[in-house]
Amino acid sequence: MTTMTTPTPATAVFRQVVLDTMDARRLAEFYRELLHWDYRPGDEAPPAGEPDPRGTDWLVLRNPGGGIGLAFQQVDDLPEPTWPEGPHPQMAHLDLTVPGVAELGAEDERVRGLGARLLLDRSDDDEEPLRVYADPSGHPFCIFVG
């Protein structure tokens, strides 16, 4: 018998994943386009030519399904991960899924068009087809069939 527990006010609840970046607005825009998510109210990009103080500090994207969000924190320096080997290992990565191999192929062009770099292509793997990319700040993320 499984018992479900409801978080109490004293229980921590997972809210969002935060990615460090040297360009918070660029990385937030990349994931906004990739995931089709919206900014937290007030974090939207200002009109062209206007100052963007939030874009040089902290931005949040909200999951329209109400799940975990994604935030972007501006930092002065960020060594790019040298995945899968090298002096700067990935400390975390995001996993995204598509329903089938055809969709994995279709996403490849879209993801690269948004500014991602392909790091590994295992789209022909019969057991777990996937592709690994680096986002514009170098953070690895996977898109796999699931």
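Helix α2 covers residues 101-113, and its length checks out nicely in this predicted model. With 13 residues at 1.5 Å each, the helix should span 18 Å, and its end C-alpha atoms sit 19 Å apart, so the two figures agree. Four of its residues, L104, E107, D108 and V111, are buried; two acidic side chains, E107 and D108, are thus on that list along with L104 and V111. As for what they pack against, the buried residues of α2 meet the other helix, α1 (24-35), plus a run of strands: β5 (94-98), β6 (117-122), β7 (130-134) and β8 (140-145). Just past the end of α2, G115 adopts a positive phi of about 120°.

Zooming out, the protein has two helices and eight strands, laid out from the N terminus as β-α-β-β-β-β-α-β-β-β. The C-alpha trace spans about 50 × 45 × 30 Å along its principal axes. Of the 146 residues, 32% count as buried. Among contacts with a separation of 6 or more, 57% link residues 24 or more positions apart. The accessible surface comes to about 9,300 Å², and carbon and sulfur atoms own 53% of that. On the charge side, there are 12 positive and 26 negative charges, and the mean positions of the two sets are 5 Å apart.

Now for the sheet that holds β3. Four strands make up an open sheet in the order β1-β4-β3-β2, with mixed pairing. Its edge strands are β1 (16-21) and β2 (38-39), each of which pairs on one side only. Strand β3 is joined to β4 (residues 69-74) by four bridges, and these two strands run antiparallel.

Within β3 (residues 58-62), V60 is a handy residue to follow. Its relative accessible area is just 1%, so V60 counts as buried, the cut-off being under 20%. Across in β4, A71 is the bridge partner of V60. A71 also turns up among the residues that V60 touches, together with L70. Leaving out residues up to four places away in sequence, the other contacts of V60 are Q16, D38, Y39, R40 and D43. E44, meanwhile, is 16 residues from V60 in sequence, with 9.2 Å between the two C-alpha atoms.

Note on methods: Residues are numbered from 1 along each chain as its sequence is written. This is a predicted model: local features need pLDDT of at least 70, side-chain atom pairs count only at pLDDT 80 or more; totals for chains, interfaces and linings use all residues. Side-chain values use heavy atoms; hydrogens and water are left out. Buried means under 20% relative accessible area, exposed over 50%, partly exposed in between (1.4 Å probe, protein chains only). Contact means heavy atoms within 4.5 Å. Accessible areas come from the Shrake-Rupley method with a 1.4 Å probe; for residues, only the protein chains shown count as cover. Lys and Arg count as positive and Asp and Glu as negative; His and the chain ends are not counted. The place of a charge is taken as NZ of Lys, CZ of Arg, CG of Asp or CD of Glu. The expected span of a helix is 1.5 Å times one less than its number of residues. Two strands pair if DSSP finds at least two bridges between them.
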